[in-house]
Amino acid sequence: MRETAVQMKAKRDYVGAAGLFVKAGEKFASAANAGGHLRNHALLQAGKCFEDAVGCFGLVKMEDRAITARERAAEVFAASEHTMSRAARLYETLGDDAAKKSPSLGLNYYRKAVSCFDAANDKRSLSVNAKIAEQLAILRDYKEAILIFDNCARDSADDRVLRFSVKTYVFNALLCMAGQKDDVRFAKGVENYLNRFPMCEDYSEAKVFGDIANAWINRDVARFDAVVGRFKSISSPPLAQWQDAALSAARDALLADAGSLR
């Protein structure tokens with residue numbers, strides 16, 4: 001059946017080929033469910049068939065069918081300890097696509113990806129956890145987002161390669177703190193993070209966050225706006241919408257506090 005699907009794909013009958021790849025995938029999956037010493041091999045073949053179906057559906061812009069096929073590929077790869085990381089990558093891709101439409105749906109896929117990466121003892125779970133935190137920040141669940149960004153920074157700090165991501169996790173955690181509209185908590189957060197992760201002190205963003213904290217504590221709206229403007233100008237890539245929203249929330253709190261002093 002799979003060989004026929006390959007032939008149909010070669011003839012550019014992508015819809016027909018995709019349908020046969022799916023059928024072949026389900027056949028292999030059924031064989032895997034029966035158990036036996038060839039179970040892992042059957043799961044691998046099933047996943048490959050579903051991945052081939054994803055490619056064919058994509059060529060004819062059948063996005064919903066492609067998503068379903070990718071989900072099936074992830075499911076069967078996740079059923080074997082030998083292909084957990086492969087399942088995780090598929091779930092992460094599903095999360096990336098879903099997050100563009102719905103943060104909540106993206107979270108569901110990202111959490112599955114993390115579960116698979118963790119099962120494989122694969123440190124790529126950290127970057128996906130950061131994506132989870134970003135979706136939570138979009139939903140303004142800042143408390144949970146801060147916790148995850150904090151854990152990502154902690155778990156990356158002692159790794160020779162991953163430590164270069166620490167500053168991103170730390171500064172995102174601080175942006176979430178800004179979104180909580182608490183100037184004292186934010187100022188303490190800046191001090192705490194720079195003490196815990198001194199490698200962040202050399203980045204220009206560290207001074208920016210310190211200046212934001214000082215302007216906020218001193219109810220200096222003009223200074224706050226100037227510092228935030230400078231921060232946006234040096235940010236590369238540009239601030240994401242959720243990051244800008246967190247700073248706007250902090251500014252709203254500052255304006256309210258400054259107004260109450262008049």
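Start with Lys167 and Tyr203: in this predicted model, the charged end of Lys167 sits over the ring of Tyr203, at 5.0 Å from the ring's centre.

Next come the contacts between rings. The structure holds 7 aromatic pairs. A pair like this is described by how far apart the ring centres are and by the angle between the planes. Take Phe171 and Phe209: their centres are 5.4 Å apart and their planes differ by 25 degrees, and the pair is stacked. Phe171 belongs to helix α9 (residues 166–179) and Phe209 to helix α11 (residues 204–217), so this pair ties together parts of the chain that are 38 residues apart in sequence. Are these two rings buried or exposed? Phe171 has 6% relative accessibility, so it counts as buried, and Phe209 is buried too, at 1%.

Now look at Trp216 and Phe224. Here the ring centres are 6.4 Å apart and the planes meet at 75 degrees, so this pair is edge-to-face. Both of these residues are buried. Which residues join up into one aromatic cluster? They are Phe171, Phe186, Phe209, Trp216, Phe224 and Phe231, so you have already met four of its members by name, among them Phe171 and Trp216. The buried side chains bring us to the nonpolar core. In soluble globular proteins, nonpolar side chains tend to be buried together. The largest nonpolar core here has 75 residues, and those with the most contacts inside it are Val170, Leu174, Phe186, Phe209 and Ile212. Which helix gives the most to this core? That is α9, with 10 residues. To see some of the packing, pick out Phe186: leaving aside neighbours within four places in sequence, Phe186 is in contact with Leu174, Met177, Ala178, Phe209, Ile212, Ala213 and Trp216. Apart from the largest core lies another one, of 11 residues, including Ala17, Phe21, Cys56 and Ala69.

Cys56 takes us to helix α3, where it is one of the buried residues. Helix α3 covers residues 39–59, 21 residues in total, and reaches 31 Å from its first C-alpha to its last, close to the 30 Å expected at 1.5 Å a residue. An α-helix has 3.6 residues a turn, so residues three or four places apart point the same way. Keep that in mind while you look along α3: its buried residues include Ala42, Leu43, Ala46, Cys49, Phe50, Ala53, Val54 and Phe57. What do the buried residues of α3 pack against? They pack against α1 (2–10), α2 (14–33) and α4 (63–78). After α3 comes Lys61, with a positive phi near 60 degrees.

Back in helix α11, have a look at Asp211. Asp211 is charged by name, but where does it sit, buried or exposed? Its relative accessibility is 10%, so Asp211 counts as buried. Not counting residues up to four places away in sequence, Asp211 touches Arg223, Val227 and Arg230.

What about the cysteines? A disulfide is a covalent bond between the sulfur atoms of two cysteines. A search of the whole structure finds 0 of them. Cys116 is in no disulfide, and the nearest cysteine sulfur, that of Cys152, is 17 Å away. Cys116 has 6% relative accessibility, so it counts as buried. Cys200 is in no disulfide either; for Cys200 the nearest cysteine sulfur is again that of Cys152, at 13 Å. With 0% relative accessibility, Cys200 counts as buried.

To finish, visit a few spots in the loops. The peptide bond from Ser236 to Pro237 is cis, with omega near 0 degrees. Pro237 is found in the loop between α12 (221–234) and α13 (241–260). Arg140 has a phi near 65 degrees, a positive value in a residue other than glycine. You can find Arg140 in the loop between α7 (125–138) and α8 (142–156), and it is exposed, with a relative accessible area of 55%. Arg219 also has a positive phi, of about 55 degrees, although it is not a glycine. Arg219 lies in the loop between α11 and α12 and is partly exposed, with a relative accessible area of 25%.

Note on methods: Residues numbered from 1 in each chain as written. Predicted model: local features only at pLDDT ≥ 70, side-chain atom pairs only at ≥ 80, totals over all residues. Heavy atoms only, no water. Phe/Tyr/Trp six-rings, centres within 6.5 Å; stacked < 30°, edge-to-face > 60°. Helix = DSSP H or I, 4+ residues; strand = E, 2+ residues; numbered from the N terminus. Buried < 20%, exposed > 50% of the residue type's maximum accessible area, 1.4 Å probe, protein only. Lys NZ or Arg CZ within 6 Å of the ring centre and 35° of its normal. Disulfide = S-S within 2.5 Å. Contact = heavy atoms within 4.5 Å. Core = buried A, V, L, I, M, F, W, Y, C linked by side-chain atoms within 4.5 Å. Expected span 1.5 Å × (residues − 1).
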